[in-house]
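Here is a short report on a metal site and a set of paired strands. Take a look at the model before reading on.

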Amino acid sequence: MSWRPFVLTATALSLALAVPGVAAADDPPQPQVESRAGTLAPAEVSGLAEPAAAGDPVAAAKTHLADPRYHLDPADLVPLTTVVNGQDETVRFAQRYRNLPVFGAQYLVRFRKDGTGREVTGAGGRFLTELDVDPTPTVTPALAARLARSRLVRDERIRDTIKATPGELLVVPRGKGVLAWHVTLTGADAAKKRPVLLDAYVDAHSGQPLFAVDRLRFAGPATGSGKTAHGKDVPLNAFQRADNAYELRDRARPMWNGTTGEILTYDAAGADVQDFLNPGIPAGTELAESPTPAFGAEHTESGAVDGHWGAGKVYEYYKALGRDGLDGKGGTMYSVVNVTYYGGPFENAFWDGTKMVYGGGGADLHSFAAGLDVVGHEMTHGVITHSADLVYLGQSGAMNEGLADYFGNAIQTGALGIPTSDPDASLLGEDLCKNLPPAQCAIRDLDDDRNAAKDYLGVTTALDSGGVHLNSTIFSGALWDAREKLGTGFDKVVYKALTEYMTPLDDFGDGRRAVESAARAAGLSTRDRIAVAQAFDRHGIRPGWERLIRIDSRVVLDGLTDAIDPPALAGDRYAVTNNTPDTNGSTVIQTGRLSGGRATTLSDDGRWDWTPATDGRRAVWVSLDPAAGVFQIRSRPLDASAPSTVVHESTGYVYAAAVSGDTVAWSGEDPATGEVEMWLKRGNAAPVILTEGKGVAGYMPSISGGRLVYIRVTFASGSSHSTPVVRDLATGTEVVVPEVPPTGVLPSLSIYPAVTAKHVVWLYDANRDGRMGVMRVALDGTGQTPVVADGPQAPHPTWLDASESRVTVGVQPEGTTLENVNLPKIYQVPVTGGALERYSCNRGEQSLFAAGTGGRVLWLDGTAGDTDLVTRDRPAHRC
Ligand SMILES: [Zn+2]
């Protein structure tokens with residue numbers, strides 16, 4: 001076959017784009033191949049004009065992909081959909097590895113049909129050719145479920161509500177592939193007043209929980225205050241039953257085939273949102289109904305009128321693009337309105353993978369069904385689920401959100417006759433508020449001009465699913481700009497990119513390529529294609545954009561794969577949880593020097609290793625024996641002069657450890673009682689529990705200068721008391737620091753103690769409002785002095801560590817809007833007291849850190865498009 005691979009490297013691509021990289025529209029197609037790192041299967045092959053077999057498109061696509069240039073076995077492909085769009089016909093496959101699904105791996109073949117002939121025009125996506133996975137799990141599904149709950153739900157208050165249900169096996173495409181258990185986590189987030197439904201993945205060989213994806217696509221957060229609904233008269237397609245009542249059942253659409261293809265709107269009548277997390281509609285939930293065809297005010301208030309009318313508008317919009325319903329197969333579209341959150345208002349809405357669920361609104365906000373852009377946004381998540389299925393994490397998740405915003409706004413402006421040039425056209429959710437003007441009510445603005453290199457907010461997956469809302473307008477803004485230039489006809493290009501080019505794990509660069517390829521295939525003029533390229537350029541979506549992000553810290557380790565544990569630091573030596581290229585999925589303990597040199601892998605047991613601690617000479621960490629379900633604490637000299645040894649092993653989960661010389665302390669479950677205890681082991685002696693007795697627990701060990709400090713918690717008559725305990729390791733004497741006097745009705749809370757040569761410092765919350773100060777005592781427990789006072793102005797800290805001279809605190813800002821000022825940042829204050837100062841002006845998340853000597857801090861930083869281990873030696877003071 002005449003095939004000249006033309007590998008477009010990042011450099012060639014950026015040069016081409018600078019030109020800009022758009023060939024004249026009437027050029028004959030030139031075969032081009034773009035490779036993808038880590039796999040032999042090309043990311044995209046375009047410009048083909050090769051004959052293809054007639055008949056079944058799936059068979060024709062498999063025949064084409066059998067060609068050796070694709071390096072894949074068509075037997076590993078399962079057909080998902082075939083999209084017919086004019087003359088274009090696209091077959092989408094999912095990859096299987098030894099009959100197991102491969103998370104996010106999809107490949108597409110594109111045909112053009114001309115009369116009876118069919119030719120291949122291109123192919124591409126993500127197929128992992130280098131997988132090498134043992135398909136037999138070591139870890140039981142029950143242990144996988146327990147580990148997912150313990151490690152992937154960081155907020156204890158949420159964790160307490162979580163039920164973990166193990167599911168099927170699959171392959172996660174990391175390294176040579178990781179066999180993983182799917183675990184469903186269901187619970188509630190009381191702070192955000194919303195249900196929690198996560199798809200978690202746990203390494204089925206090592207037991208390491210890998211990541212969790214939010215299954216619920218929320219519209220919120222929004223803020224506002226207000227008065228009544230929009231008062232627009234809208235037609236509703238209802239259904240008159242045998243008993244003459246009318247219900248919101250729309251059978252007037254082309255997808256209705258006599259059995260299925262309806263648009264149904266249910267009224268939950270105030271039932272709890274938690275009842276609607278399973279696929280489908282729970283038994284007993286009724287369609288919204290009315291004695292007459294005029295659905296009255298109560299149905300406006302509940303959101304039923306808006307939800308039903310909106311779903312019809314969404315159907316009509318996608319029908320015009322050639323799509324029959326959300327699933328593209330004329331499947332019934334379900335909405336539920338009027339749910340509550342534990343009896344109170346649920347001021348939100350979400351798509352759960354099978355249906356729309358809307359709250360009934362509240363004092364300040366309408367039902368979220370009242371914003372057609374929100375209805376369009378949420379239902380577009382359904383379209384995405386049934387097409388590119390962009391994984392709801394990081395950049396692919398931000399594109400998922402961005403496309404939902406783009407189409408949500410396109411649906412609303414089209415249905416209401418708002419020109420794209422109207423300043424409110426680019427706003428999302430501007431109609432939800434009962435009182436606020438649109439610009440203040442809106443959740444997002446696609447015209448916010450955000451640029452990848454200048455504005456990308458790098459966060460770990462613990463925050464906003466890795467920035468799915470934080471960064472969505474970078475991508476959707478480029479699309480909206482192009483729409484403002486090219487008109488509403490650009491929608492079909494974006495839709496084509498979504499349904500015929502994108503795959504689940506695409507990043508911004510893949511997304512740009514998908515849109516540009518779709519524009520070419522759709523026959524856009526050279527001028528219009530330049531406009532599309534310029535829109536992406538303006539939003540900074542171009543190869544290497546991550547390298548243009550500025551930071552004020554020094555990178556110690558680039559691209560950490562695990563952002564759950566804080567690093568450990570003693571003097572110049574650090575230890576951190578990370579993957580190495582030769583490890584399959586599960587993390588190892590890496591160590592190195594801040595002053596330079598390469599990191600080396602210290603753990604030597606070939607297992608999942610995590611939670612390191614170091615005293616500068618050796619490190620201890622936790623490791624799981626996956627077959628036995630036993631947690632080990634292991635220890636090894638940092639210079640690797642001897643193999644690791646087992647300090648202790650138990651079936652109880654270990655939360656944190658500390659080490660100094662031959663002494664190791666840890667906080668871990670006592671399998672005999674289920675309580676979390678503080679354990680201490682000296683030399684070869686058996687470990688002892690320092691928090692003996694029912695209702696006494698121990699957390700958060702810190703060792704320095706021959707002293708151990710930990711938090712002792714005692715549970716009594718429904719409340720808990722917490723305070724630091726300082727133990728002299730040489731004499732075994734303990735000083736229980738006097739509990740901080742409470743200023744409210746509950747006892748004060750003390751967490752995250754750090755001991756230095758002169759002081760013990762920790763976070764305290766005197767009135768249990770979540771705001772905390774920093775307290776200091778002398779080593780004998782006397783002289784309690786606030787370093788930062790608790791009170792109405794105190795911060796919401798998340799973490800603390802200290803040197804002799806300075807206290808470092810991680811702070812979560814209290815704002816809920818998704819912008820940089822509300823990301824967790826590091827602050828520092830002299831141990832003698834003063835104002836908290838910003839430590840680094842980096843733009844991304846700064847959550848987990850270790851303090852070194854003086855003002856030195858080593859932390860996990862999310863700024864540069866991934867999570868890096870970085871350091872500075874003093875605060876930035878002002879940002
Ligand atoms: Zn969304």
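How many bridges join strand 2 to strand 7, and in which sense do these strands run? The model is a predicted one, and in it strand 2 (residues 39–46) and strand 7 (residues 117–125) run antiparallel, joined by 2 bridges. Within this pairing, Glu44 has Gly124 of strand 7 as its bridge partner.

Strand 7 has further partners. The table lists its pairings.

| Partner of strand 7 | Sense | Bridges |
|---|---|---|
| Strand 2 (residues 39–46) | antiparallel | 2 bridges |
| Strand 3 (residues 50–51) | antiparallel | 2 bridges |
| Strand 6 (residues 100–114) | antiparallel | 8 bridges |

From strand 3, Pro51 faces Glu119 of strand 7. From strand 6, Tyr107 stands opposite Gly125. Strands 6 and 7 make a hairpin, with 2 residues between them. Gly115 sits in that turn and has a positive phi of about 60°.

Now the metal site. Which residues coordinate the zinc ion? His377 and His381 each donate NE2, and Glu401 appears twice with OE, at 2.0 to 2.7 Å. The site is irregular: angles among the 4 donor atoms range from 52 to 127°. Along the sequence, the donor residues follow the spacing H-x3-H-x19-E. His377 lies in helix 7 (residues 372–385) and Glu401 in helix 8 (residues 394–416), so this pair ties together parts 24 residues apart in sequence.

Are these two residues buried or exposed? His377 counts as buried because its relative accessibility is 1%, under the 20% cut-off. Glu401, at 0% relative accessibility, also counts as buried.

Notes. Residues are numbered from 1 along each chain as its sequence is written. This is a predicted model: local features need pLDDT of at least 70, side-chain atom pairs count only at pLDDT 80 or more; totals for chains, interfaces and linings use all residues. Side-chain values use heavy atoms; hydrogens and water are left out. Donors are N, O and S atoms within 2.8 Å of the metal (3.2 Å for Na, K and Ca); water is not among the atoms, so sites may look incomplete. Four donors count as tetrahedral if all angles lie between 85 and 135 degrees; four count as square planar and six as octahedral if opposite donors are over 155 degrees apart and all others between 65 and 115; anything else is irregular. Helices (H or I, at least four residues) and strands (E, at least two) are DSSP runs, numbered from the N terminus. Buried means under 20% relative accessible area, exposed over 50%, partly exposed in between (1.4 Å probe, protein chains only). Two strands pair if DSSP finds at least two bridges between them.
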